[in-house]
Amino acid sequence: MVVALSAGRLTAAEDLDFPPIIGTYEGGSGYAAQLAVDYPFVYVVAGESGLKILDISNPALPTLVGSLDTVGFAGDVVVLGEHIIVAD
């Protein structure tokens, strides 16, 4: 599965040669800067809106399952083992 972030919209596709869009998530406000994938979760940093956590186990319907408001501007995210690291 391919997960992409374009124009602040999360997109999931399964075919790498011809990736039709199979699901999108356009919830909340803020600037979606970066994402990290640890299936079935996608962690999206959204600038002043902090961290958004999406469940993509059903790629046709990505679902917001959590969020964290950070102090500053969340600009990057990585998954390191069981930890989610946000550059804020």
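The paragraphs below lead through a predicted model of one protein chain, from its overall make-up to single residues.

The secondary structure of the protein chain amounts to 9 strands and 0 helices. Read along the sequence, the pattern is therefore a run of strands, β-β-β-β-β-β-β-β-β. The chain has 88 residues, of which 33% count as buried. About 5,300 Å² of the protein chain is exposed, and carbon and sulfur atoms supply 54% of that area. Contacts can also be sorted by how far apart the partners lie in sequence. Among the contacts in the protein chain with a separation of 6 or more, 34% are between residues 24 or more positions apart.

One part of the model to look at is a sheet. Strands of a sheet pair through backbone hydrogen bonds, either parallel or antiparallel. Here 4 strands make an open sheet in the order 4-5-6-7, and the pairing is antiparallel. Its edges are strand 4, residues 34-38, and strand 7, residues 63-68, each of which pairs on one side only. From one strand to the next, the twist averages 20°.

The edge at strand 4 can be followed in more detail. Strand 4 is joined by 5 bridges to strand 5, residues 41-45, and the two run antiparallel. Within this pair, alanine 36 stands opposite tyrosine 43 of strand 5.

Strand 6 covers residues 51-55 and includes lysine 52. Which residues does lysine 52 touch, leaving aside its neighbours within four places in sequence? The contacts of lysine 52 are Val42, Tyr43, Val44, Ala46, Leu64, Gly66 and Ser67. Of these, Val42, Tyr43 and Val44 fall within strand 5, residues 41-45, while Leu64, Gly66 and Ser67 fall within strand 7, residues 63-68. The C-alpha atoms of lysine 52 and valine 42 are 8.2 Å apart, and the two residues are 10 residues apart along the chain.

Next come the strands numbered 8 and 9. Strand 8, residues 76-80, is joined to strand 9 by 5 bridges, and these strands run antiparallel. Together strand 8 and strand 9 form a hairpin with 2 residues between them. In the turn, glycine 81 has a positive phi of about 65°. Two facing pairs can be picked out across the hairpin: valine 78 stands opposite isoleucine 85, and valine 79 stands opposite isoleucine 84.

Isoleucine 85 lies in strand 9, residues 83-87. Val78, Leu80 and Ile85 form a nonpolar patch on the surface, with about 260 Å² of accessible area together. Why can isoleucine 85 belong to a surface patch? Patches are made of residues with over 30% relative accessible area and no salt bridge. Isoleucine 85 has a relative accessible area of 40%, so it passes the area cut-off and counts as partly exposed.

Valine 86 is also found in strand 9. Is valine 86 buried or partly exposed? Buried means under 20% relative accessible area; valine 86 has 23%, so it is partly exposed. Not counting residues up to four places away in sequence, valine 86 touches Val45, Leu51, Thr70, Ala74, Asp76 and Val77. Val45 is part of strand 5, residues 41-45, and Leu51 is part of strand 6, residues 51-55. Asp76 and Val77 are in strand 8, residues 76-80. Valine 86 can also be placed relative to glycine 50: the two are 36 residues apart along the chain, and their C-alpha atoms are separated by 8.8 Å.

Conventions:
Residues numbered from 1 in each chain as written. Predicted model: local features only at pLDDT ≥ 70, side-chain atom pairs only at ≥ 80, totals over all residues. Heavy atoms only, no water. Pairing = 2+ DSSP bridges. Axes fitted to C-alpha atoms, helices over the stretch in contact; angles between N-to-C directions. Patch = residues over 30% accessible without salt bridge, like charges linked within 9 Å, V, L, I, M, F, W, Y side chains within 5 Å. Areas by Shrake-Rupley, 256 points an atom, 1.4 Å probe, with all protein chains shown as cover. Salt bridge = Lys/Arg side-chain N within 4 Å of Asp/Glu carboxyl O. Buried < 20%, exposed > 50% of the residue type's maximum accessible area, 1.4 Å probe, protein only. Contact = heavy atoms within 4.5 Å.
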